[in-house]
Amino acid sequence: MTGTSDVSRGEVPAAVVLPETMRAAVIDAVGDAGSLYEATVPVPSAFNSEFIVQVVAAGINPIDAKTRAGRGVSAGISSFPAVLGFDFSGVVVKAPYEAHPFRPGTEVFGMTMVPRTSGSYAQYVAVSTLSVAKKPAALSHVEASAVPLAALTAWGMVVEVAKAHHGQRILIHAGSGGVGHFAVQFARYFGAHVIATGSTRNQNWLRELGANEVIDYSTTRFEDVVSDVDVVIDLIGNVVDDTGSRSLGVLHEGGLIVNAPTGSWPTFLEDAAAAGLRATTFKVAPDGDTLSTIARLLESGDVHVFVDEVFDLAHAADAHRALESGHTRGKIVLTIPTH
């Protein structure tokens, strides 16, 4: 299906013949996890500087479940059936032009732009060349598909916004989740003193990831044992036990709180300003260059990705149920059939 000839030597890649239809997990309307089902849909088309990538594995994120349920980015879905899924790892089968560095056969990973484009719970995706990077050779497709959205979110919050550095004290809520387990590792990599909250079963694991202090939220109120924090990476908001509001009191004057979950704390900015703190929300963007940097950290072993459960595409509904149980360590991934 893919051409592997060398344009630099004057060879022309073999033409790629794509099927007209593909298997995908879709929704016909927003609803509970049971609204996800496997169907046959048209293969997307690529335009301008876009790849067609054959998907081998697709990562699942909380925004997927929120969108499926009618929140998240569901307002942007223009038609049904809709294919969800941001994260993917797979193989380029069609490049924008013959001499592109990522030619057919190149293993890549990245993010789609759901709902502007069709998602990754499918055999093929059309995606901007700016949104992908070469898959780390040390990672399987399953592992690589668990990286993009979560790692880019963590990088954006910890490195770009909080500017993690030596001597800085960073509190990370939900440190064992998809974004959280990358946030802990990035903060520690750049020298910060990392304090992470997590469940009882994840205490030792969070220390292994690099947390200097770990707080069991089921037995300890973090505000009782933490103070004078420079930055709070808030991956919960007020949807559970007013975690966000309680975090304001552990920051020193002028400290920074960064909140990611959409709609998790409607009065976030006002509450932080009233407490004399700096505050910002965060929205992740596909960024192949940053993903390439993260890939190098994964290749070197300085950063690791953890996949908790793997489901077949046909069981996407079960994967969403597992995610919504709230007990996932790291990420959940879908494997995509090639035929």
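Let's start with glutamate 38 and arginine 23, whose side chains meet in a salt bridge, with N to O at 2.5 Å. Keep in mind as we go that this is a predicted model. The pair ties together distant parts of the chain: arginine 23 belongs to strand β1, residues 21–27, while glutamate 38 belongs to strand β2, residues 37–42, and the two are 15 residues apart. How exposed are the partners? Glutamate 38 has a relative accessibility of 27%, so it counts as partly exposed. Arginine 23 comes out at 30%, and therefore it also counts as partly exposed.

How many salt bridges does a search of the whole structure find? The answer is 11, and I'd like to show you two others from that search.

One is between glutamate 223 and arginine 221, where the closest N and O atoms are 3.6 Å apart. Glutamate 223 is partly exposed, with a relative accessible area of 27%. Arginine 221, at 35% relative accessibility, is partly exposed as well.

The other joins arginine 246 to aspartate 241, and here the closest N and O atoms sit 3.0 Å apart. Is arginine 246 buried or exposed? Its relative accessibility is 16%, and because the cut-off for buried is under 20%, arginine 246 counts as buried. Aspartate 241, on the other hand, has 47% relative accessibility and counts as partly exposed. Now, please don't file these two bridges separately: through salt bridges that share partners, Arg221, Glu223, Asp241 and Arg246 are joined into one network. If you have the structure open, try selecting those four together.

Let me finish with a residue of another kind, histidine 320. Where do we find it? Histidine 320 lies in helix α10, which covers residues 316–324. Its relative accessible area is 0%, so histidine 320 is buried.

What does the side chain of histidine 320 make a polar contact with? Its partner is the side chain of tyrosine 121, at 3.0 Å. Tyr121 also appears among the residues that histidine 320 touches, once we leave out those up to four places away in sequence. The rest of that list is Ala33, Leu36, Ile60, Asp64, Ala65, Arg68 and Leu84.

So, for your notes on this predicted model: there is the salt bridge between glutamate 38 and arginine 23, the network of Arg221, Glu223, Asp241 and Arg246, and the buried histidine 320 with its polar contact to tyrosine 121. Thanks, everyone, and I'm happy to scroll back through any of these with you.

Key
Residues are numbered from 1 along each chain as its sequence is written. This is a predicted model: local features need pLDDT of at least 70, side-chain atom pairs count only at pLDDT 80 or more; totals for chains, interfaces and linings use all residues. Side-chain values use heavy atoms; hydrogens and water are left out. Helices (H or I, at least four residues) and strands (E, at least two) are DSSP runs, numbered from the N terminus. Buried means under 20% relative accessible area, exposed over 50%, partly exposed in between (1.4 Å probe, protein chains only). A polar contact is a pair of N or O atoms within 3.5 Å; within protein, one must be able to donate a hydrogen and the other to accept it, and residues adjacent in sequence count only if both atoms are side-chain atoms. Contact means heavy atoms within 4.5 Å. A salt bridge is a side-chain nitrogen of Lys or Arg within 4 Å of a carboxyl oxygen of Asp or Glu.
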